[in-house]
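Biologist: I am new to this one. Please take me through the strands and the cysteines, with reasons.

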Amino acid sequence: MCSSDLWAPYDAAGRLQLYSLSKSFTATAAGFAVAEGRLSVDDEVLKFFPADAPAEPGANLRAMRVRDLLTMSTGHQDEPPTAPGQVSPASFLAHPVPHKPGTHFRYNTAATFMVSAILQQVTGQTVLEYLQPRLFAPLGILGPTWETNFQGVTLGGYGLSVRTADIAKFGQLYLQQGRWQEKQLLPAAWVAEATARQVSNGSNPRSDWDQGYGYQFWRCRHGAYRGDGAFGQYCLVLPEQDAVVAITGGVKDMQAVLNLVWEHLLPALKPRRLRADAGARRQLEAKLAGLAVRTPEGGVESPSASQVHGRRFVFPANRQGIESIRLTAPDAGGWTLIREMGGTRQEIRCGHGRWLRDQGPLGSAPAGALGPAPRGPLAASAAWTEGDTFTVKLCAYETPFHTTLRLRFEGDQVFLDAENNVGFGPTKQPQLLGRAE
């Protein structure tokens with residue numbers, strides 16, 4: 001394993017949201033349970049939840065097995081609910097199953113939740129608790145967190161947060177056929193079965209999403225396999241090259257990232273040790289040390305600065321919930337953005353040409369225009385990008401999300417535009433118009 005550097009304001013100590021990369025950890029928990037005789041992949045799903053089953057379950061639902069949950073071939077045409085306040089064994093079992101299980105691949109986060117729920121049934125522990133002595137502690141994965149549904153069941157399909165280095169450790173365990181420091185933690189047979197092509201999911205030879213699916217692992221081109229999560233969270237295992245690549249990111253095109261791995265990294269992986277190059281190493285170290293998410297480019301002052309300093313701009317009722325904003329310039333020379341939402345006042349200190357971290361949590365869901373931001377701490381940077389425009393960039397650095405806010409001042413008015421780098425829906429918010437009091 002090799003070390004890596006993260007782009008500021010991210011750092012190696014931060015735990016990052018894995019999104020669907022969590023699924024591969026849930027499948028690993030299933031592997032431990034199978035090895036301990038608590039579970040079989042051929043067990044019928046309904047037997048674990050008799051109280052949640054429909055009064056007259058259909059033949060396809062009766063035929064659904066744990067294996068079908070793991071391979072995303074449950075027989076659903078549409079994915080059941082997945083939100084923490086909705087997903088449950090009852091909601092899953094009530095969903096129509098028009099296809100025979102095992103015959104129809106449909107990406108299905110609720111199916112992974114059901115694996116988690118089954119594991120909680122047979123072990124009496126959440127998946128997070130169950131994996132602690134079996135996976136997290138042996139690999140030195142410290143302080144993982146995992147969200148639960150409204151019943152206290154680990155979500156399974158998403159919600160796990162660990163460090164980027166922990167992703168690499170997880171991949172290394174699989175690369176080593178389940179062995180870690182001379183101890184067989186996970187049966188090699190499970191590793192082989194989980195990462196093999198269990199079902200077909202497409203035929204495009206250029207797509208890493210069409211190479212087959214295992215037990216919550218994707219098959220890839222070039223003999224590789226991976227777990228992955230939304231917006232660029234990857235645990236990529238390359239057995240032929242004896243390598244693991246762990247990536248955390250915030251990108252829209254996830255195939256493009258894998259294309260770069262195949263184009264640039266794969267040809268550089270050689271079977272023999274490379275000759276040492278001290279100069280190249282120094283250049284690489286210097287490059288890594290200076291990595292940072294781009295900050296707004298512009299001045300710390302502008303002709304408009306004195307006109308807006310300290311003024312409160314009020315917005316009419318809007319779906320984003322923004323009541324007012326105000327800019328103030330502290331003695332240190334940076335700016336502070338003050339916003340009010342729902343009667344709550346919040347101050348966000350912004351660095352100039354740098355990131356100021358630990359601004360706070362701002363909320364629980366990604367949004368723009370000073371609205372709720374992803375849960376966790378925030379870093380901020382800002383500049384006057386034009387004479388009348390103050391641009392703020394907010395980075396929720398335990399998530400993939402960055403929000404760019406542009407405040408264009410015109411007399412007693414401010415026009416507020418906001419856009420996220422990525423999102424599960426539209427990333428650009430409607431423009432808001434505020435007026436000075």
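Modeller: Start with the sheet, and bear in mind that the model is predicted. The sheet is open and has 9 strands, paired antiparallel. Their order is β13-β12-β11-β10-β18-β17-β16-β15-β14.

Biologist: What makes β13 and β14 edge strands?

Modeller: Each pairs on one side only. β13 covers 344–350, and β14 covers 379–386. On average, neighbouring strands of this sheet are turned by 25° against each other, direction ignored.

Biologist: How do you know that β10 and β11 pair?

Modeller: Pairing takes at least two bridges. Strand β10 (residues 312–314) and strand β11 (residues 324–328) are joined by 3 bridges, so they count as a pair. They run antiparallel. Arg312 stands opposite Arg326 in β11.

Biologist: Now the cysteines. How many disulfides does the structure have?

Modeller: A search of the whole structure finds 0. Take Cys220: its nearest cysteine sulfur, in Cys235, is 10 Å away. A disulfide needs the two sulfur atoms within 2.5 Å, so Cys220 is in none.

Biologist: Why is Cys220 called buried?

Modeller: Buried means under 20% relative accessible area. Cys220 has 5%, so the term applies.

Biologist: Why is Cys350 not bonded to Cys395?

Modeller: Cys395 holds the cysteine sulfur closest to that of Cys350, but the distance is 13 Å. The cut-off is 2.5 Å, so this is too far for a bond.

Biologist: And is Cys350 buried or exposed?

Modeller: Buried. Its relative accessible area is 3%, and the limit is under 20%, so Cys350 meets the definition.

Definitions and conventions: Residues numbered from 1 in each chain as written. Predicted model: local features only at pLDDT ≥ 70, side-chain atom pairs only at ≥ 80, totals over all residues. Heavy atoms only, no water. Helix = DSSP H or I, 4+ residues; strand = E, 2+ residues; numbered from the N terminus. Axes fitted to C-alpha atoms, helices over the stretch in contact; angles between N-to-C directions. Buried < 20%, exposed > 50% of the residue type's maximum accessible area, 1.4 Å probe, protein only.
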